Amino acid sequence: SGLISIEEADVRSQTGVCDPIINQRLINNNGSEQDEAIESVLNENINMGCSIEVVPNPVTSTSIITTTVNEKVTNAELHVVSSQGVTVKTYKVTNRVTSIEIRNTDLSSGVYWLQLFVNGIPEKIKKFITIK
């Protein structure tokens, strides 16, 4: 499971919907009742978005990463991934809004990606740069 239709991906990218129940649905693109139910849930949960912010970016000394997840989410993690695809740090996201301080001394200079996982499913990604 975990598959979504192109139409749903488009809607999610425009609305920022972040609902792990929706992400685990398999949508049949044939106008079925399941499609109508998914669309209904999307419309009801339009303000349930996830977000990641890094300020300032690039990181020249210290920056704050702020993640936002739906208050109903029980399992969320933020992964810091190098440009080579290696996860170098993982943070547990335990609140609706979580702030994490990072220093450029914690990482080598370069490009990194922040991946926000909700119930094991990647929901958001954000690029940031560290400069020493």
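**Notebook: strands and confidence**

I began with the weak parts of this predicted model, and I noted that pLDDT stays under 50 over residues 38-47, a stretch for which the model has 14 contacts beyond four places in sequence. I then looked up the overall score and found that the protein averages a pLDDT of 74, with 64% of the residues scoring at least 70. Residues 13-32 also have a pLDDT below 50, although this stretch has 57 contacts in the model beyond near neighbours in sequence. I do not lean on such contacts, because predicted coordinates should not be read in detail where pLDDT is low.

Next I turned to strand β3, which spans residues 76-82, and I found it mostly covered, with six of its seven residues buried. Which strands does β3 pair with? I found six bridges joining β3 to strand β4, residues 87-93, and these two strands run antiparallel; seven bridges join β3 to strand β6, residues 110-118, again in an antiparallel arrangement. To fix the registers for myself, I wrote down that Ala-76 stands opposite Val-93 in β4, and that Val-80 has Leu-114 as its bridge partner in β6. The connection from β3 to β4 is a hairpin with four residues between the strands, and in its turn I noted Gly-85, which has a positive phi of about 90°.

Within β3 I picked out His-79 and asked myself: is His-79 buried or exposed? His-79 counts as buried because its relative accessibility is 14%, and the cut-off for buried is under 20%. Its side chain makes a polar contact of 2.9 Å with the side chain of Glu-77. Leaving aside residues up to four places away in sequence, I listed what His-79 touches: Thr-87, Lys-89, Thr-90, Trp-113, Leu-114, Gln-115 and Phe-117. Of these, I had already met Leu-114 as the bridge partner of Val-80 in β6.

Last, I looked up a sheet of three strands, which is open, has the order β1-β2-β5 and is paired antiparallel. Its edge strands are β1 (51-55) and β5 (97-103), each of which pairs on one side only. Neighbouring strands in this sheet are turned by 20° against each other on average, with direction ignored. Between strand β2, residues 62-68, and β5 I found seven bridges, the two running antiparallel, and I noted one facing pair there, Ile-64 opposite Glu-101 in β5.

Technical notes: Residues are numbered from 1 along each chain as its sequence is written. This is a predicted model: local features need pLDDT of at least 70, side-chain atom pairs count only at pLDDT 80 or more; totals for chains, interfaces and linings use all residues. Side-chain values use heavy atoms; hydrogens and water are left out. Buried means under 20% relative accessible area, exposed over 50%, partly exposed in between (1.4 Å probe, protein chains only). Two strands pair if DSSP finds at least two bridges between them. Axes are lines fitted to C-alpha atoms, for helices over the stretch in contact, and angles run from 0 to 180 degrees between N-to-C directions. pLDDT is the predictor's confidence in each residue, from 0 to 100. Contact means heavy atoms within 4.5 Å. A polar contact is a pair of N or O atoms within 3.5 Å; within protein, one must be able to donate a hydrogen and the other to accept it, and residues adjacent in sequence count only if both atoms are side-chain atoms.
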